[in-house]
Amino acid sequence: MDLNKKYTPQSWPDHPETATMEGKNKFVGFWLLLAAETVTFASLFATYLALKDKGPSGMEFAASNLFELPLVFAMTMILLTSSLTSVYAMYHMKNHNFKAMQAWLGITVLLGAAFLGLEIYEFNHYVHLGFGYTHSAFSAAFYTLVGTHGAHVLFGLSWFIALMVRNSKRGLNMYNAPKFYLVSLYWHFIDVVWVFIFTVVYLMGVIG
Amino acid sequence: MAHETHTHVRSQTEYEYIRRQRSKEMRGQLTSFAIMIFLTLIAFTAVAADFSPYLITPIILLLAAVQVVLQLYGFMHMSNKGHGMVAFFMFSGMFVAFITILALVTIVWW
């Protein structure tokens, strides 16, 4: 069978992401990955909670005097909105509207890049204050947790861009529909992790 | 190959029906999004308002949990059919995650 078989909105399956054996396998495998990622992030959260505000005696930085909520609030809103825009992209994917899907994916990428830009600004700001990775157990745990999330954002952005570019002339078919579906799942998962980061690290950090 | 699938061409009625179902679902997603924004606002406002940490901490953790349920069951479609295996994976993952966090913080805090 031809991978590049053309579809119309009328012949496009209800659930293109799981309409083929390949798609079904990817779907199950990817959710297994997300479950494993949940455990990865749990170990990083546990390390952070255990080492929060710990370090050499007399260290000047603590969560309650370091974090600034306005920046974190902006980052949260941006990432949350990008989660919605990728839902819009998948809505158009299911309606077999390739151009609209690409447009919404493009907006998602821009929002993700804005989030990453703010995170880089934040880290850079802390390092200039003297709160570097090797400053304390607290700083190492903080950068490892939030940085791993940031690395996931970067990977998600690269994945989106690679799929958009590689399939720009192909249009939607059974070959790439599962791929687009999975990257959007990945993006939502990144948002799920961020919900816990802004709650556990930033909000609980500020209240001490 | 593994990309094979049965093709069914919808009649005009079937097509209009599924389009309507999808835009209905999309309205539901927008509602979830509005709730998520609202919950985030409550969490940030509660912290900015400077109440006692013993009051705020459980509340913001609960708000985070609700948001995650909305993401998983709304945006990530875990409420749809065919997600039994997915739920099994995710709940196992969350169980191990919970044990990991419990073990590490109790070792260090006590």
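How many helices and how many strands make up the secondary structure of chain A? Let's work through that and a few more exercises together.

This is a predicted model, in which local features need pLDDT of at least 70, side-chain atom pairs count only at pLDDT 80 or more, and totals for chains, interfaces and linings use all residues. Residues are numbered from 1 along each chain as its sequence is written, while chains are lettered from A and ligands numbered from 1 in the order in which they are written.

**Exercise 1. Describe the overall build of chain A.**

Step 1. Chain A has six helices and zero strands; here helices (H or I, at least four residues) and strands (E, at least two) are DSSP runs, numbered from the N terminus. Along the sequence this reads α-α-α-α-α-α.

Step 2. Taken along the principal axes, the C-alpha atoms of chain A fill a box of roughly 70 × 30 × 25 Å.

Step 3. Of the 208 residues in chain A, 44% are buried. A residue is buried if 20 or more other C-beta atoms lie within 10 Å of its own, exposed if 12 or fewer, and partly exposed in between, with C-beta atoms placed from the backbone.

Step 4. Take the contacts in chain A between residues at least 6 apart in sequence: 81% of them join residues at least 24 apart. Two residues are in contact if their C-beta atoms, placed from the backbone, lie within 7 Å.

**Exercise 2. Characterise the side of chain B that touches chain A.**

Step 1. Count the residues: chain B brings 49 to the contact and chain A brings 51.

Step 2. Find the elements. Those of chain B giving two or more residues to this side are helix H1 (12–48), helix H2 (53–75) and helix H3 (84–109).

Step 3. Sort by class: the side of chain B has 33 nonpolar, twelve polar and four charged residues. In this sorting, Ala, Val, Leu, Ile, Met, Phe, Trp, Tyr, Cys and Pro count as nonpolar, Asp, Glu, Lys and Arg as charged, and the others, Gly among them, as polar.

**Exercise 3. Compare the spans of H2(B) and H3(B) with the expected ones, and find their buried residues.**

Step 1. The expected span of a helix is 1.5 Å times one less than its number of residues. H2(B), with 23 residues, reaches 31 Å from its first C-alpha to its last, close to the expected 33 Å. For the 26 residues of H3(B), the end C-alpha atoms are 37 Å apart, which agrees with the 38 Å they should span.

Step 2. The buried residues of H2(B) include Ile60(B), Leu63(B), Gln67(B) and Phe75(B). They pack against helix H3 (69–94) and helix H6 (177–206) of chain A together with H1 of chain B.

Step 3. In H3(B), the buried residues are Val86(B), Phe89(B), Met90(B), Gly93(B), Ala97(B) and Thr100(B). What covers them includes H1 of chain A.

Step 4. Bring in the record: the unreviewed UniProt entry has the annotation "transmembrane region" over residues 30–49, 55–75 and 87–109 of chain B. UniProt positions are given in the numbering used here, feature names are shortened, and annotations may be inferred rather than shown by experiment. Residues 55–75 are 100% helix and 0% strand in the model, with end C-alpha atoms 30 Å apart. Residues 87–109 are also 100% helix and 0% strand, and their end C-alpha atoms lie 32 Å apart.

**Exercise 4. Are Asp50(B) and His77(B) buried or exposed?**

Step 1. Asp50(B) sits in the loop between H1 and H2 of chain B. It is not a glycine, yet its phi is positive, about 65°. Asp50(B) counts as exposed because it has 10 C-beta neighbours inside 10 Å.

Step 2. His77(B) lies in the loop between H2 and H3 of chain B, and this non-glycine residue has a positive phi of about 60°. His77(B) has 21 C-beta neighbours inside 10 Å, so it counts as buried.

**Exercise 5. Trace the largest nonpolar core and one of its residues.**

Step 1. A nonpolar core is a set of buried Ala, Val, Leu, Ile, Met, Phe, Trp, Tyr and Cys residues joined through C-beta atoms within 7 Å. The largest has 76 residues, and those with the most contacts inside it are Trp31(A), Phe45(A), Tyr48(A) and Leu203(A).

Step 2. H6(A) gives the most to this core, with 21 residues.

Step 3. Leaving out residues up to four places away in sequence, Phe45(A) touches Leu145(A), Phe196(A), Val200(A) and Ile101(B).
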